[in-house]
Amino acid sequence: MTTRPPREATGSQRPLKGSIRVPSDKSLSHRVALFSALAQGRSRVRGLLDSLDVRSTLGAIEALGAQLDIKVEADGLCGTITGWGDAGPHGPKNALQCGNSGTTSRLLLGVLSGLDVTASLEGDESLSRRPMDRVIAPLTKMGARFYPSEAFSQEGAPAHTPEGAPASTLPLTVKGTSSLEAIAYQSPVASAQVKSAVLLAGLNARGTTSVTEPYKSRDHTELLLPAYGASLTVEGLTTSITGGQRLFATDCEVPADPSSAAFLLVAAALIPQSEVTVRDVLLNPTRVGFLTVLRRMGADIAIKINKNAHLGTEQVGEVTLRYREELEATTVEPYEVPALIDEVSILALAATVAKGTTIFKQVGELRVKESDRLNAIVCGLTALGCDVREEDDDLRVSCAPPHIRATRLATHGDHRLAMTWSIAARAFALALDIYGLESIEVSYPGFFDDLKRLS
Ligand code: S3P
């Protein structure tokens, strides 16, 4: 990992030009690692994202008994993962360290729920504040048990009765069981982490587990599990999986992350005369809502699908964005939000130069990301002199390009905010004092090098 973030991000308005392969997709890297750990046999993996979040998942599966033979190569982490398969995982000696990663913790809770194993999970300060009850509620209904870690004795038995207050945040201890019961779960949130946790538990439950979500969230779990030999059905907003299925090792190559690409593409939309191409990028429709929204705002975007490169049934291709003068405001409807949930901060920055008021409807989920990202976007853009408001769960951004020459901005340890403020500095030639740039390491090591490469 190479990012050495400059403490002060000094902007310049020189155009961004060139073609680049951003680091591999984070969501897919977590899933490839976890599914390979569950599988029988040795999976060959290429291009796993080498970032702190993915390293948390790799550390956890290794502690549970998966065998990793992985090297750092130019396009990410490459090598083999031998799963625990039918033998099942070890009970880990120490708590599994999830770092800053919501996906690591929530997907692991789903996996561990259906296995005869007891394990504790810990996270950093930000992750320890994030809600785990959204996965604990359905997994408890299926038969798994969750305890605040301090309430769990070293001997492996709950230090209080199982009826005691269940855990709702990390650190916590999960006691899984191979006799889970299937459920039909109506999720109150459109969250791929919740959906994936329940489906992964369902893999080992008696009967058919289904998850219905209010809007479609990213569908990588559904698309990737079949590559490991599992079958699922998807009907509208309901995904179902029948328990008792085994996973088998497979070979996977992970394409580039559209969420990382979004920062460079929006930078090109903001800086006159720019033209940026991102190559080998994942084009799953449940991930690239930001491209639809940017196009609606008038951005000049060309997409080429590469028919030969794909992971399972995921689409991969190339996206070029050419600067165009006038962007127009738009309204992002609630059903569109899950497909751009990680891109709202950078889209909000684009909205500051678009004619009119852009409204992101029902983006309350941003309050429980790596920071209260909704509030942080409002505070950050306001500090930059933009006209931005939070109304109930809607975010409203009016056209008013940043005009403050220098200011201090907080990232709240949130990688996506750190990159958004860095792009603001670069695009509007602002000398910004940005605190917490090192958080970028969780998803996009090399971010500043890539920006420089395009400069
Ligand atoms: C992710 C799902 C999303 C997203 C996160 C990664 C995943 O979270 O914000 O960065 O890989 O499943 P939610 O499921 O909480 O929406």
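**View 1. Polar contacts between the ligand and charged side chains.** In this predicted model, a polar side-chain atom of Asp 342 lies 2.7 Å from an oxygen atom of the ligand, a pair that falls under the polar-contact definition of N or O atoms within 3.5 Å. A polar side-chain atom of Arg 31 likewise lies 2.7 Å from a ligand oxygen atom, and for Lys 369 the corresponding distance to an oxygen atom of the ligand is 2.6 Å. Taken alone the ligand exposes 380 Å², of which the protein buries 95%, with accessible areas from the Shrake-Rupley method and a 1.4 Å probe. Local features need pLDDT of at least 70 and side-chain atom pairs pLDDT 80 or more, whereas totals for chains, interfaces and linings use all residues. Residues are numbered from 1 along each chain as its sequence is written, and side-chain values use heavy atoms, without hydrogens or water.

**View 2. The shell around the ligand.** The residues around the ligand (a heavy atom within 4 Å) include Ser 27, Thr 103, Gln 193, Arg 218 and Ile 341. By class, this shell has two nonpolar, four polar and four charged residues, and at least three residues come from each of domain 1 (8-24 + 255-454) and domain 2 (26-241), whose bounds come from an automatic or database assignment.

**View 3. Backbone features.** The peptide bond from Leu 170 to Pro 171 is cis, with omega near 0 degrees, and Pro 171 lies in the loop between β8 (145-148) and β9 (172-175), strands being DSSP runs (E) of at least two residues. Asp 280, although not a glycine, has a positive phi of about 55 degrees, and its place is in strand β17 (residues 275-282).

Key
A polar contact is a pair of N or O atoms within 3.5 Å; within protein, one must be able to donate a hydrogen and the other to accept it, and residues adjacent in sequence count only if both atoms are side-chain atoms. Ala, Val, Leu, Ile, Met, Phe, Trp, Tyr, Cys and Pro count as nonpolar, Asp, Glu, Lys and Arg as charged, and the others, Gly among them, as polar. Helices (H or I, at least four residues) and strands (E, at least two) are DSSP runs, numbered from the N terminus.
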